[in-house]
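The following report considers how the domains of a chain are placed, how one of its sheets is ordered, and which residues lie at the centre of its nonpolar core.

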Amino acid sequence: MGRMIRYVRLLKTPNIFPNSLFTTRSVIYRMKSSDSGDRIIDVNKIRNFSIVAHVDHGKSTLADRLLEITGVIKPGAEHAQILDNLQVERERGITVKAVTASLNYTLNNEQYLLNLIDTPGHVDFSNEVVRSVAACQGVILLVDANEGIQAQTVAVHSLAKKNNLVIIPTLNKVDLPRANPDKVKAQLKSVFNIDPETVMSISAKKGWGVKELLEAVIQRIPPPQVNNDEHFRAHIIDTWHDKFRGVLCLAYIHSGKVKVGQSVRWKSDPKQHSVKYLALLRPKEEPIEEATAGQVVMVGCGPKGGGNVGDQLLALESSENADVSSIPPVRHMVYAGIFPADQSQHPLLSDAIKKLALNDSAVSVKNDTSPALGQGWRVGFLGLLHLDVFTQRLLQEYKAEAILTAPSVPYKVKVQGSKAIKKYKGEEVIITNPLLLPEAQNIAEYYEPFVIGTIITPVEYIGTVTTLCIDRRGTPLPSSAVDESMTMLQFILPLSEVVIDFHDTLKSITSGFASFDYQDHGFHPSALVRLDILLNGVLVEELSTIVHVSRLEYNARRLTEKLKEMIPRQMVQVAIQAVVAGKVFARETIKAYRKDVTAKLYGGDVTRRKKLLKQQAEGKKKMRSVANIKIPRNTFIDVLKR
Ligand SMILES: Nc1nc2c(ncn2[C@@H]2O[C@H](COP(=O)(O)OP(=O)(O)OP(=O)(O)O)[C@@H](O)[C@H]2O)c(=O)[nH]1
């Protein structure tokens with residue numbers, strides 16, 4: 001599907017809802033439904049589940065089939081991947097936001113309410129997966145019957161296990177001639193100790209076995225364990241912005257019930273609000289009057305009502321300290337500066353970033369200023385694809401164009417000297433912007449973030465993959481066999497070595513057969529320096545990077561060579577220098593050149609000439625100017641790729 005699968009993710013695996021907190025009760029809630037009016041459903045008839053899988057193993061296709069079987073959409077209609085709502089999702093063929101759909105299904109004359117939470121497959125969006133899982137009691141673990149277990153299958157399996165969720169192992173794409181269900185069942189047994197008897201087989205594309213799978217969801221996944229007698233308490237798992245209604249939230253109700261018009265408050269803020277909107281998502285909104293514990297619903301408290309992911313919405317009487325474990329904070333893997341193309345666009349971009357950040361709780365946004373770029377923001381992302389998608393959404397959904405600085409992983413330093421400690425408000429400083437690295441004499445120790453990378457590869461590539469990991473400063477951990485042809489390798493790797501292009505390289509050296517995923521391994525001491533780029537002696541702030549000393553000369557050469565390729569020739573000669581603390585490590589020169597796009601047209605057609613000049617002016621807008629040197633905007637990200 002031509003997907004961009006370059007980056008991988010951090011997977012934190014918290015125990016989000018220890019089920020023991022709640023007691024199972026037979027709870028009833030009243031539901032208004034357009035097709036059957038008021039109905040009463042027992043909480044024992046609710047199932048909250050999610051589909052988790054490696055990218056491309058067929059989650060969205062299966063979700064479509066489930067919507068068909070439950071009558072939400074007509075079979076065979078032109079509705080492919082109805083849950084993929086965003087324009088970026090449709091264009092890139094990846095799911096970015098998790099979307100929920102409440103489905104009705106009748107089994108043995110009993111009506112069930114199945115809350116399906118569609119999760120993104122791409123590793124960069126693992127945050128959405130963690131949140132989806134937080135509202136579930138079980139997952140369908142989908143594995144491509146041809147590809148078999150991939151690195152992300154291992155990660156989502158471990159997430160489900162750590163949250164005590166029921167796992168329904170399911171082989172997809174069994175219609176493919178190359179599918180080998182027995183082999184993949186054996187892999188599931190060897191890697192996860194899954195009994196082959198419990199594995200379902202489906203073709204999401206053809207609809208084979210999907211009904212049986214839905215019935216397995218009802219039979220194997222338990223209803224939510226909740227207490228309806230306590231005060232209303234709901235946990236926000238997603239938020240988005242509606243032009244007219246303000247912030248809308250997707251909430252999982254832990255206890256009690258909520259009605260339209262009821263007074264509520266946020267755990268983070270004692271101010272009283274009133275519930276204005278309550279709906280089931282099917283996936284279109286279906287307004288309801290009341291919802292109770294165990295349910296996943298849309299709630300809104302109006303334009304001033306607020307709402308943040310991870311916060312809790314409470315009944316006013318609810319005691320202040322009662323706690324429900326919350327979703328852990330996200331750890332950002334990549335930071336980049338975002339600045340308006342020119343300062344007059346600052347308000348527009350500011351508004352767009354605020355709204356988008358609300359919908360994408362995985363980003364962190366802080367104000368930033370740069371002498372060259374003016375007022376902007378330092379934004380933390382889960383990975384480069386996440387960064388790409390964020391800026392694409394800024395443009396598509398809010399028409400806000402932005403300049404991006406070179407992405408950097410966060411580093412940590414221990415500062416020394418009482419002055420420096422006072423200045424940085426403590427001994428340990430996290431550096432999310434290379435320009436803010438303290439002076440070398442004030443630094444006692446540098447630390448860089450490491451990850452444990454898991455790679456599943458055909459055995460014939462073990463040597464090549466190991467060479468790649470060692471080359472990326474990796475330390476091998478014990479490996480284990482998936483089956484006779486596939487192996488699982490593990491390495492401790494510096495995050496900076498994997499975040500930009502590791503996945504691309506891995507895919508290309510293994511003909512696309514290896515998969516990769518990673519988990520946080522914390523900060524460890526390292527030898528680092530800041531490498532600056534000067535153009536005709538002027539510092540290009542966006543291009544400063546922090547590098548490991550063993551990479552210094554190589555990076556200096558590579559950066560200057562790449563910049564020489566990427567910066568178009570200009571009216572003046574351009575000297576590109578890579579510098580550490582005033583010492584030049586590499587230099588390239590771009591010769592002067594005069595370009596007049598209309599030169600050939602003198603005496604020619606005036607309108608044609610105007611058109612060409614207009615095109616040239618448009619092109620210039622996409623450039624950033626440093627010391628009168630025009631640099632194409634994409635340079636700042638592309639130059640870091642190897
Ligand atoms: N032959 C066959 N192809 C399938 C089946 N299920 C899904 N596919 C195809 O596999 C590709 C990936 O399917 P998606 O449903 O987009 O995969 P996904 O896991 O949702 O991917 P993300 O949206 O990135 O998370 C598409 O081309 C589907 O048409 C199946 O049962 N059989």
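The C-alpha centres of domain 2 and domain 3 lie 27 Å apart. The bounds of the domains come from an automatic or database domain assignment, and the protein chain is divided as follows.

| Domain | Residues |
|---|---|
| domain 1 | 36–220 |
| domain 2 | 233–315 |
| domain 3 | 334–404 |
| domain 4 | 411–526 |
| domain 5 | 530–638 |

This is a predicted model, in which local features need pLDDT of at least 70 and side-chain atom pairs count only at pLDDT 80 or more, while totals for chains, interfaces and linings use all residues. Residues are numbered from 1 along each chain as its sequence is written.

An open sheet is formed by 8 strands (DSSP E runs of at least two residues, numbered from the N terminus) in the order β13-β12-β18-β9-β10-β17-β14-β15, with antiparallel pairing, where two strands pair if DSSP finds at least two bridges between them. Its edge strands, each pairing on one side only, are β13 (269–274) and β15 (285–287). Within this order, β10 is joined to β17 (residues 296–300) by 5 bridges, the two strands running antiparallel, and L248 has G300 as its bridge partner in β17.

The largest nonpolar core (buried Ala, Val, Leu, Ile, Met, Phe, Trp, Tyr and Cys residues joined through C-beta atoms within 7 Å, buried meaning that 20 or more other C-beta atoms lie within 10 Å of a residue's own, with C-beta atoms placed from the backbone) has 154 residues, of which V139, L141, A251, V297, V299 and V334 touch the most other members. Strand β10 (residues 246–255) gives the most to this core, with 7 residues.

Methods:
Buried ≥ 20, exposed ≤ 12 C-beta atoms within 10 Å, placed from the backbone. Helix = DSSP H or I, 4+ residues; strand = E, 2+ residues; numbered from the N terminus.
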